[in-house]
Amino acid sequence: MEWWLLACIALCLYLILILFLHYRTPETHIDWSTIELQDVHFPESFAWGVATASHQIEGRNTNNWSQFEDTKDLQRSGDACDHWNRWKTDFDLIENLGVNHYRFSLEWSRIESVEGVWDDSAIEQYSNMIDNLISRNIEPMVTLHHFSHPTWFEDKGGFANAENVDYWIRFSEKMYSELGDRVKWWCTINEPAVFTSMGYVLGEFPPGKRSFKLTRAVARNMMMAHARCYRALKSMPGGESAQIGLVKNINIFDPYRRWNLLHWFQAKLLDEMFNRCWIRGLETGKFRAPSSLLSSKIDGLKNSSDFIGVNYYTHLLTTPFMPTTVEIDPLIRPWETRTDFRYPMYAEGLHRSFHMVKSLNIPIYVTENGVADDDDDLRPEHIRRHLWLTSKAIEEGLDIRGFYHWSLMDNFEWAEGYTQRFGLYHVNYDTQERTLKESGKLYADYATGTVMPQVVILAGGLGTRLGELSKTIPKSLISVSGKPMLSHILEWAAGQGCRRAVILTGHLGEQFEGFKHEGMDLTFVQESEQMGTGGALLNAIDYLEDEFILLWGDDYHPVNYRRLYAAHKEHGQSLTMTVIQSDQLVNLRHENGNVVEYSKSEISDTFNGYEAGTSVVNKSVLVSFGKSKIWSWEETVYPQLSGKIHAHIDETPFWDMGTPERLERLEEFFDNRRS
Ligand code: BGC
């Protein structure tokens, strides 16, 4: 045959192959400018969550990771987020997001720091944490291995030795026996492919090796460990109803040049090693470890997951010369945005990941999705796109049951140390202060299905009982524990997901000049003369939205606004008032969920509650009761509307600065909280 004919045939075959690959594995790119991102629908039962891992947040762990940080002279995890000591207030943060699921991992090195010796106090703390979550209606999802384990286990060769798997199974059984009566959701191993490739191919994670032989052994042993763990827990009391699954990171690999067969080859190879072999393993029970040619059966592996956890972050563009260190930027498409981690934001890959695991025919949970974004300018869009695609996939009939945002708060990002911020809350690592980011507010809006209303603060009142202190300055501007009371109130409101506040400054409005609050859009409305609380509200009517949360500028009342607002929506009254029952003070009577009587001056024996100050108001109330001249909101509206005010019972302590003694107590409260 002539050479040119051969060349033509070869070229044709090449083209056919490329076209086949091209159409069989499309690299989807959505024109996001044409998408209505708010058009999402999630089932009532959808699990909304946030995720963390022990070594990344707890602080002061001694494990394979802390050892690796020392030997490689990496940034030390150190105190991390000091979560081991601050877990209760961190759970407040979860609750404030309105999510109802939380995924976290148990730190094996705390529980069995010495081989064979259980640390009962550590187990007790985890047990208390679980009780606490449940008391808040937050469903715990526990991960048994999230990259970290005790140093004695590592010294024995970790997962590289098949016999060592027994130790981890023993630990898992112990944990299940302690917590299984309350924890329904269990993740066995987090991202075995990441653990093996980072620890044994790239050497970026402990034990920092580069060996295909070890990689194969670790991969196989981890799959075996997962299968054994699943079977072991399932056979324990209550095991049948536990939901146990593997968490798989899906990395999408796309050829950099779609006409280049070598790029395709690389993409397919990596896809096989990183994704497919693991998923196929779960499906068939036979596992071909990355870089090995043969597959072999693993006992109990087939159908060893009640759900599949999908962790999704990005896609990688492949060439035979891809960088294997994080110092070199990965390739991206020209229209893509780089995240702080240098890989691109590629939400379309989440949808492709769902399709990759759907053959397993089990419920899918997004157990991690998030982005490293220091200034939080990309994360809101990241959340919107990924949730939009999740919603679309549900509409297409994929069985996706939940979404856990990675992460609750900024934390120790493994080999990257503290340089990558993934949190919905910003963490100041010097002070351990947490601040809700705009993206956190957005995620909470999705999770709760509500956008937080405007906050209106009656901030002009002078402190008649505070002596010299506030004859001339409004109480809300008096400094308490280092900052004005108003800043404390706004901080709470912002942390509850509010974005806008109208501040009614009274007639001393000039004193508020230059006042700002990070994360809050402030509008100040001044009165020309004294108008009373009602008059002040009416005076600001043009700035008020149809619904608003009404606060008093001298009260600090850290209640959960999302719960309050949900109650307002549910009961459909035009005014919802927070009522405390356990306070010694009373000023109202409530029955069957309604405030039926209110009086500030004539306290009756039948009174059984106290108006705590935080309420949700429909503007229509103001329109119907408003009058000219000076008038008091509470003394006019509450008595007249009695019977039609929803009483939202919330016993969260309430703080005010009405008298010097109360102010002192409030100061103490803020100071203690800080330490
Ligand atoms: C891991 C997390 C990590 C996140 C962001 C996931 O692969 O499970 O521990 O922080 O990626 O890189």
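Contact, as the word is used for helices and strands in these legends, means heavy atoms within 4.5 Å. The structure in every view is a predicted model.

**View 1. A helix laid across two strands of the barrel.** Helix α11, which covers residues 261-284, lies across β5 and β8, the latter made of residues 307-318. The direction of helix α11 makes an angle of about 170° with that of β5.

**View 2. The closed barrel and one of its strand pairs.** In this part of the predicted model, 8 strands close into a barrel, and following them round gives the order β1-β2-β3-β4-β5-β8-β9-β10, with parallel pairing. From one strand to the next, the twist averages 30°. Strands of a sheet pair through backbone hydrogen bonds, and the pairing can be either parallel or antiparallel. One pair to look for is strand β4 (residues 185-190) with strand β5 (residues 243-255), which run parallel and are joined by 4 bridges. Within that pair, Cys187 has Gly245 of β5 as its bridge partner.

**View 3. The ligand and the residues around it.** The ligand is surrounded by 13 residues, of which Gln56, His146, Glu191, Glu413 and Trp414 come nearest. Sorted by kind, the residues of this shell comprise 6 nonpolar, 4 polar and 3 charged. Which distance separates a polar side-chain atom of Asn190 from an oxygen atom of the ligand? For Asn190 the distance is 3.0 Å, while a polar side-chain atom of Glu191 lies 2.5 Å from an oxygen atom of the ligand, and for a polar side-chain atom of Glu413 the distance to a ligand oxygen atom is 2.5 Å. Taken alone, the ligand would expose 310 Å², and the protein buries 92% of that area.

**View 4. The open sheet and its edges.** Here 9 strands form an open sheet with mixed pairing, in the order β17-β16-β13-β18-β23-β20-β24-β22-β21. Strands β17 (521-526) and β21 (588-591) stand at the edges and have a single partner strand each, so one side of each is left without a neighbour in the sheet. When direction is ignored, neighbouring strands of this sheet are turned by 30° against each other on average.

**View 5. Two helices packed on the open sheet.** Strand β13 (residues 454-458) pairs with strand β18 (residues 547-552) in the parallel sense over 5 bridges, and Leu458 stands opposite Trp552 in β18. Helix α15 (residues 485-495) packs on the sheet, where it touches β13, β16 (500-506), β17 and β18, and its direction makes about 160° with that of β13. Helix α16 (residues 532-539) also packs on the sheet, touching β13, β16, β17 and β18, with its direction at about 140° to that of β13.

Technical notes: Residues numbered from 1 in each chain as written. Predicted model: local features only at pLDDT ≥ 70, side-chain atom pairs only at ≥ 80, totals over all residues. Heavy atoms only, no water. Near = heavy atom within 4 Å. Polar contact = N/O pair within 3.5 Å; in protein donor to acceptor, adjacent residues only side chain to side chain. Areas by Shrake-Rupley, 256 points an atom, 1.4 Å probe, with all protein chains shown as cover. Nonpolar A, V, L, I, M, F, W, Y, C, P; charged D, E, K, R; others polar. Pairing = 2+ DSSP bridges. Axes fitted to C-alpha atoms, helices over the stretch in contact; angles between N-to-C directions.
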